[in-house]
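Please open the structure in your viewer and keep the selection panel at hand. The tour proceeds stop by stop, and each stop names what to select.

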Amino acid sequence: MTPYRIGQIVPSSNTTMETEIPAMLRARESRFPERFTFHSSRMRMHKVTPEELKAMNAQGVRCAAELADARVDVMSTACLVAIMAQGLGYHRQTEEELRQAARENHCDAPVMTSAGALVEGLHILGARKVALLAPYMKPLTEKVVAYIEHEGVQVSDWRCFEIPDNLEVGRRDPLKLIEDVAELKTSGVDAVVLSACVQMPSLPAIQTVEDALGVPVVSTAVCTVRGMLDRLGLEPVVPGAGALLSGRYPTPEAKAS
C-alpha cells in the first residue's frame with residue numbers, strides 16, 4: 001500500500017505538530033492498514049506576537065507551493081493563533097489562498113488550516129459551549145475566544161498562561177494540563193479544548209482529562225488529525241486520543257476542498 005503523504009505548513013519554532021500528528025497517525029496504524037509519511041515546510045517565527053504572526057502568514061503561499069512539489073495527499077497549516085489573530089473567519093481566506101498555490105503547482109490535495117479544524121471539530125461534536133486553555137498572552141487569547149464564538153461556539157471559561165516565547169510553549173509539560181484544567185469552570189460545557197494551540201503539547205493528557213471530566217476533550221492537534229482523516233476518506237479513529245477520534249461521531253459530508 002502506498003502511504004498517504006501528510007503535509008504541514010509549520011512555524012519554524014514549532015516542535016509539537018511534527019510530534020503529535022505523527023504520534024496519532026502511528027497509533028492509528030496499530031488498528032488499520034493505512035500508512036502515512038510526514039512532510040513539512042516552515043515559516044519563520046520565534047515570538048507569538050501580532051507582528052511576527054502577520055509576517056509569518058505572508059510565507060504560507062511559498063510553503064504551500066513547496067508541499068505541492070511533494071504531491072502530498074492533504075495539506076494543513078500548523079498555527080492556530082496566526083490565523084485567528086487576523087480577523088473573524090480568516091481561516092477561509094487563508095485556505096483559499098493556499099489552495100490556489102497548491103493548484104498552480106499541480107497538486108490537487110485538500111487544503112485545510114488548524115484554525116478551521118478546531119472549529120470544525122467542535123461542530124462535529126455538536127459542542128455549543130466549551131472551556132479552553134491556551135498559552136498565549138491575554139490579548140491574543142481574547143482574539144481566539146472571540147473567533148471561536150463568532151463561529152457559533154460559546155466559550156464559557158478560559159485560562160491563558162501568557163508565554164510569548166514559542167519554544168518555551170513547546171517545552172511545557174503536557175501532563176501539567178491535568179492540574180491546569182481543574183482551574184476551569186467545566187460544569188455544563190459540551191467539550192473542553194485542552195490546548196487551543198498547535199505548539200502547546202497536550203496529547204498525553206487528552207484521554208486522562210476526558211475520562212475524569214466525562215465530556216469530550218480535544219486539542220487543536222486532535223482536531224487537525226480529524227480533519228485530515230475526513231478529507232482522506234479514512235475512518236476517523238485514533239486510540240487514546242479522545243471522543244473526536246473515537247469513531248462515535250460520524251464524518252460529515254466528504255471534505256474535498
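Accessible areas are obtained by the Shrake-Rupley method with a 1.4 Å probe, and for residues only the protein chains shown count as cover. On this basis the protein chain has an accessible surface of about 10400 Å², and 49% of that surface belongs to carbon and sulfur atoms. The model is a predicted one, in which local features need pLDDT of at least 70 and side-chain atom pairs count only at pLDDT 80 or more, while totals for chains, interfaces and linings use all residues. Residues are numbered from 1 along each chain as its sequence is written, and side-chain values use heavy atoms, with hydrogens and water left out.

**Stop 1: the whole chain**

Select the entire protein chain. It contains eleven helices and eight strands; helices (H or I, at least four residues) and strands (E, at least two) are DSSP runs, numbered from the N terminus. The radius of gyration, taken over C-alpha atoms, is compared with a globule rule of 2.2 Å times the number of residues to the power 0.38. For the protein chain the radius is 17 Å, close to the 18 Å that the rule gives for 257 residues, so the chain is as compact as a globular protein of that length. Along the principal axes, its C-alpha atoms fill a box of roughly 50 × 45 × 30 Å.

A residue is called buried under 20% relative accessible area, exposed over 50%, and partly exposed in between (1.4 Å probe, protein chains only). Of the 257 residues in the protein chain, 56% are buried.

**Stop 2: the sheet that contains β1**

Select β2, β1, β3 and β4. In this order the four strands form an open sheet with parallel pairing; two strands pair if DSSP finds at least two bridges between them. Which strands stand at the edges? They are β2 (36–43) and β4 (111–112); each has a single partner strand, so one side of each is left without a neighbour in the sheet.

Now select β1, residues 4–11, together with β2: the two pair in the parallel sense over eight bridges. Within this pair, Gly7 stands opposite His39, and Pro11 stands opposite Met43. The chain passes from β1 through α1 to β2 in a right-handed β-α-β crossover; right-handed means that, with the strands pointing away from the viewer, the path from the first strand over the helix to the second runs clockwise.

Add helix α1, residues 17–29. This helix lies across β1 and β2 and runs at about 170° to β2. Such angles run from 0 to 180 degrees between N-to-C directions, and axes are lines fitted to C-alpha atoms, for helices over the stretch in contact.

Next, add β3, residues 74–77, which is joined to β1 by four bridges in parallel. The bridge partner of Ile9 in β3 is Thr77.

**Stop 3: Gln8**

Select Gln8, which lies in strand β1. Is Gln8 buried or exposed? Gln8 is buried, with a relative accessible area of 3%. Its strand is mostly covered, as six of the eight residues of β1 are buried. Contact means heavy atoms within 4.5 Å. Not counting residues up to four places away in sequence, Gln8 touches a set of residues that includes Met17, His39, Leu67, Ser76 and Met228.

**Stop 4: the other sheet**

Select β6, β5, β7 and β8. These four strands form an open sheet in that order, again with parallel pairing. At its edges stand β6 (154–160) and β8 (217–219), each with a single partner strand, so one side of each is left without a neighbour in the sheet. Neighbouring strands of this sheet are turned by 20° against each other on average, direction ignored.

Three bridges join β7, residues 191–195, to β8, and Val193 stands opposite Val218 in β8. Add helix α6, residues 114–124, which packs on the sheet and touches β5 (129–134), β7 and β8; its direction makes about 155° with that of β7. Then add helix α11, residues 220–232, which touches β7 and β8 and makes about 85° with the direction of β8.

**Stop 5: two residues with positive phi**

Most residues other than glycine have a negative phi. Select His106, in the loop between α5 (90–104) and β4: its phi is near 65°, and at 61% relative accessibility His106 counts as exposed. Finally, select Glu162, in the loop between β6 and α8 (166–171). Its phi is about 55°, and Glu162 is partly exposed, with a relative accessible area of 42%.
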